[in-house]
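Please walk through this model with me, beginning where two chains touch and then turning to the parts from which they are built.

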Amino acid sequence: MNTVALALAEAATLIARADAELTQIVLLSLKVSAASIVAATAIAMPLGAWLAVAAFPGRRAIVVALNALLGLPSVVVGLAVYLLLSRAGPLGAFGILFTPAAMVIAQAILVTPLIGALTRQAVSDAWQETREQLRSLGAGSLASALALLWDLRFSLVTVVLAGFGRAVSEVGAVMIVGGNIDGVTRVMTTAIALETSKGDLPLALGLGFVLLAIVLVVNALAYVIREAVQRRHA
Amino acid sequence: MLEPVPAPTHAPLLPLTLEGVGWAAGNQLLLADISAIVAPGSRTVVLGANGAGKSVLLRVCHGLLRPTTGSVRWNTPEVPGAPRRQAMVFQRPVLFRRSAMGNVTFALGLAGVARSERQDRARAALARVGLGALADRPARLLSGGEQQRLALARAWSLQPEVLFLDEPTANLDPGATREVEAVIEAIHRAGTKIVLVTHNLGQARRLGDEVLFLDRGRLVERAPVDRFFLQPASAEAAAFLEGELPWT
């Protein structure tokens with residue numbers, strides 16, 4: 001109990017004086033997750049919207065597969081990306097294994113199904129209500145998908161934030177493809193795992209608090225946005 | 001104040017010819033063997049009890065449902081992908097999370113109207129339905145009557161040759177109903193063919209020139225409004241008129 005109290009106090013000091021190591025780890029975490037979210041959003045949102053609106057054979061199978069991918073274990077993604085990027089792998093020539101770029105790729109792959117599935121669900125619900133009107137106005141699948149993405153823009157911000165929360169708090173994939181190299185690919189989650197096993201509780205706890213705070217802020221943001229929208233657009 | 005529908009530079013869309021049109025959901029036949037020619041000009045009211053197939057007929061005409069039997073032919077077939085020359089207003093207005101203005105310019109954009117023209121046309125359309133002052137309001141925060149007038153403005157801005165209306169005042173109070181009816185009247189005077197589904201007999205008399213009466217998916221009677229109400233030719237229509245309260 002005493003150790004925990006001591007560690008807590010030390011963690012607080014680390015955060016309070018913006019410890020250099022801690023800051024670096026936090027910033028890398030945020031950068032990697034943000035980049036992966038941008039990439040995943042760019043791919044998953046148009047795809048999710050199109051899946052909701054278009055009618056073609058095999059669509060249901062794709063939707064089921066997409067929803068199943070929500071449960072994708074992050075270590076499996078890490079392993080797959082590792083194999084792709086390793087020297088002998090098909091993308092080995094790029095030499096990006098154990099770099100932040102590899103971590104961005106792994107997290108993007110991990111989060112794409114989440115953003116895609118949530119987007120598809122949201123657009124699909126809106127499509128039920130608006131489909132006749134959109135078709136009456138002469139909108140095809142593409143125009144309808146884009147119009148609904150715009151119509152749902154505020155709810156979709158919360159989808160992006162959910163994706164960010166998943167990415168920033170994930171450990172398995174970044175550990176495998178990043179390698180948790182001090183000063184290069186060490187992010188909050190991998191650092192916490194390492195420091196805990198080393199017994200350096202203050203840094204682990206300090207990072208844990210920052211991570212919690214970030215996830216909390218992200219969720220608060222999602223909530224505030226939702227509230228604001230309901231007031232503004234009903 | 002009224003912006004007339006421009007004389008078509010191409011062959012007119014109307015008349016619309018329905019030949020043996022039927023529509024079934026599963027093995028339930030909701031429309032059966034409807035043949036009619038919908039001519040330009042007069043205001044056509046589609047009457048009938050709930051479940052008579054009025055809304056289905058409207059959707060089949062507008063191309064939202066594909067008839068399971070028979071054919072729906074316009075004088076000039078619509079080209080897929082080309083701007084539509086007909087519009088529809090639904091019982092519950094479907095508005096997007098944009099301003100009132102944004103809802104109209106969105107439709108104009110889909111209809112291929114140049115960006116530079118959209119604002120002016122949208123502003124004019126909103127003014128015509130009395131929403132000029134509310135142009136910048138979020139559409140979904142407007143009252144029910146205002147929302148329906150916005151839906152009408154959006155449809156009108158497209159200068160359709162035919163406007164289908166599916167019980168546009170069913171959810172509105174009498175005041176809002178009057179305003180919506182006035183707008184429909186104005187759209188008609190500006191040269192758009194009106195095809196209106198209602199089960200409000202007062203509205204049918206006020207807004208209709210001719211009646212198409214449906215009963216259980218069949219077109220039972222077609223007559224000028226006055227004659228339909230005074231001397232319905234079919235037993236079904238007579239029973240329907242008797243059953244409905246005449247002053248509603």
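The contact draws 17 residues from chain B and 15 residues from chain A, in what is a predicted model. On the side of chain B that touches chain A, the elements giving two or more residues are β5 (86-89) and α2 (100-110) of chain B, and α2(B) gives the most, with 3 residues. Sorted by class, that side of chain B has 13 nonpolar residues, 1 polar residue and 3 charged residues.

Chain A, the other partner, contains 10 helices and 0 strands, so that its elements, read from the N terminus on, run α-α-α-α-α-α-α-α-α-α. Taken along the principal axes, the C-alpha atoms of chain A fill a box of roughly 65 × 50 × 25 Å, and of the 234 residues in this chain, 41% are buried. If one considers the contacts in chain A between residues at least 6 apart in sequence, 79% of them join residues at least 24 apart.

Chain B, by contrast, can be approached through its sheet, which is open, has 6 strands in the order β5-β6-β7-β3-β8-β9 (chain B), and shows mixed pairing. Because β5 and β9 (218-224) of chain B stand at the edges with a single partner strand each, one side of each is left without a neighbour in the sheet. Neighbouring strands of this sheet are turned against each other by 15° on average, direction ignored. Within the sheet, strand β6 (residues 162-166) of chain B and strand β7 (residues 193-197) of chain B run parallel and are joined by 5 bridges, with Leu163(B) standing opposite Ile194(B) in β7(B).

Among the helices of chain B, α3 (residues 115-128) repays a closer look: it has 14 residues and reaches 21 Å from its first C-alpha to its last, which is close to the 20 Å expected at 1.5 Å a residue. Which residues of α3(B) are buried? They are Arg118(B), Arg121(B), Ala122(B), Ala125(B), Leu126(B) and Arg128(B). Seen down the axis of α3(B), these buried residues fall within an arc of 150°, and therefore they line one face of the helix. In general, an α-helix has 3.6 residues a turn, so residues three or four places apart point the same way. The cover over the buried residues of α3(B) includes α2, α4 (144-157) and α5 (174-189) of chain B, whereas on the other side of α3(B), Ser116(B) and Asp120(B) are exposed. Just after α3(B), Gly130(B) takes a positive phi of about 80°.

Terms used
Residues numbered from 1 in each chain as written. Chains lettered and ligands numbered in written order. Predicted model: local features only at pLDDT ≥ 70, side-chain atom pairs only at ≥ 80, totals over all residues. Contact = placed C-beta atoms within 7 Å. Helix = DSSP H or I, 4+ residues; strand = E, 2+ residues; numbered from the N terminus. Nonpolar A, V, L, I, M, F, W, Y, C, P; charged D, E, K, R; others polar. Expected span 1.5 Å × (residues − 1). Buried ≥ 20, exposed ≤ 12 C-beta atoms within 10 Å, placed from the backbone. Arc of directions from axis to C-beta. Pairing = 2+ DSSP bridges. Axes fitted to C-alpha atoms, helices over the stretch in contact; angles between N-to-C directions.
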